[in-house]
Amino acid sequence: MHIKSNQFTVAPAIAPNYLSTAQDRQVAADSLRITRNIVSQSALAKYQPEEFKPGVQYQTDEELTKLAGDIATTIFIL
């Protein structure tokens with residue numbers, strides 16, 4: 001976070017640095033894998049879930065991390 005002005009009406013600059021550490025990137029890739037595992041369970045079969053993003057063709061940590069960054073969102077307004 002960087003204060004850009006001493007005026008309260010000027011919002012600070014916020015750079016959250018998502019996926020900037022190895023641990024962040026691993027959590028992102030693992031989260032997608034866990035979600036895939038949950039959706040593949042027989043209890044959800046009747047709903048016929050289909051992965052739209054990032055897509056089942058992406059499997060490596062590097063691919064999943066990049067795509068997690070592309071599709072991720074936050075509850076904070078930047």
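M1 sits in the segment before α1, and in this predicted model that residue is exposed, with a relative accessible area of 75%. M1 does not stand alone: together with I3 and I14 it makes up a nonpolar patch on the surface. Add up the accessible area of the three and you get about 360 Å².

H2, next on the tour, is also placed in the segment before α1. At a relative accessible area of 51%, H2 counts as exposed, because the cut-off for that class is over 50%. How far is H2 from L64, 62 residues along the chain? Their C-alpha atoms are separated by 30 Å.

P12 belongs to the segment before α1 too. Its relative accessible area is 32%, which makes P12 partly exposed. From P12 to R33 there are 21 residues along the chain, and the C-alpha atoms of the two are 35 Å apart.

**Backbone oddities**

A couple of residues in the segment before α1 have backbone angles to look at. N17, found in that segment, has a positive phi of about 55 degrees, although N17 is not a glycine. L19 is in the segment before α1 as well, and its phi is near 60 degrees, again a positive value in a residue other than glycine. L19 is partly exposed, with 25% relative accessible area.

Further along, which peptide bond is cis? That would be the one from K53 to P54, with omega near 5 degrees. P54 lies in the loop between α1 and α2.

**Salt bridges**

Searching the whole structure turns up four salt bridges. Here are three of them, among the four found:

| Pair | N to O distance |
|---|---|
| D30 and R33 | 3.8 Å |
| R33 and D61 | 2.7 Å |
| K66 and D70 | 2.7 Å |

Start with D30 and R33. Both are in helix α1, which covers residues 22–39, and they are three residues apart, about one turn of the helix. At 3.8 Å from N to O, the pair still qualifies because the nitrogen has to be within 4 Å of a carboxyl oxygen. D30 is partly exposed at 31% relative accessible area, and R33 is partly exposed at 30%.

R33 has a second partner, D61, with the closest N and O atoms 2.7 Å apart. This pair links distant parts of the chain: R33 is in helix α1, whereas D61 is in helix α2 (residues 61–71), 28 residues apart. D61 is partly exposed, with a relative accessible area of 27%; that class applies because buried means under 20% and exposed means over 50%. Which residues end up linked in a network of salt bridges? D30, R33 and D61 do, and R33 takes part in both the contact with D30 and the contact with D61.

The K66 and D70 pair stays within helix α2, where the two residues are four apart, about one turn of the helix. Their side chains meet with N and O 2.7 Å apart. Is K66 buried or exposed? K66 is exposed, at 53% relative accessible area. D70, at 49%, counts as partly exposed, because exposed requires over 50%.

**The second largest pocket**

Now for some empty space. The second largest pocket holds about 160 Å³. Its lining is made of L32, T35, R36, V39, P49, E50, E51, K53 and P54. By character, that lining splits into four nonpolar residues, one polar and four charged.

Two of those names have come up before. K53 and P54, both in the lining, are the residues on either side of the cis peptide bond. P54 contributes to the pocket from the loop between α1 and α2.

**Pulling it together**

The segment before α1 supplies M1, H2 and P12, along with the positive-phi residues N17 and L19. Between the helices, R33 in α1 and D61 in α2 form a pair that links distant parts of the chain, and D30 joins them in the network. Within α2, K66 and D70 pair up about one turn apart. Lastly, the cis bond from K53 to P54 is found among residues that line the second largest pocket.

Conventions: Residues numbered from 1 in each chain as written. Predicted model: local features only at pLDDT ≥ 70, side-chain atom pairs only at ≥ 80, totals over all residues. Heavy atoms only, no water. Buried < 20%, exposed > 50% of the residue type's maximum accessible area, 1.4 Å probe, protein only. 1 Å grid on protein atoms, 1.4 Å probe; cavity = no way out; pocket = protein on both sides within 12 Å on 5 of 7 lines; lining within 4 Å. Points joined across faces, edges and corners; volume = space filled by probe spheres on them. Nonpolar A, V, L, I, M, F, W, Y, C, P; charged D, E, K, R; others polar. Patch = residues over 30% accessible without salt bridge, like charges linked within 9 Å, V, L, I, M, F, W, Y side chains within 5 Å. Areas by Shrake-Rupley, 256 points an atom, 1.4 Å probe, with all protein chains shown as cover.
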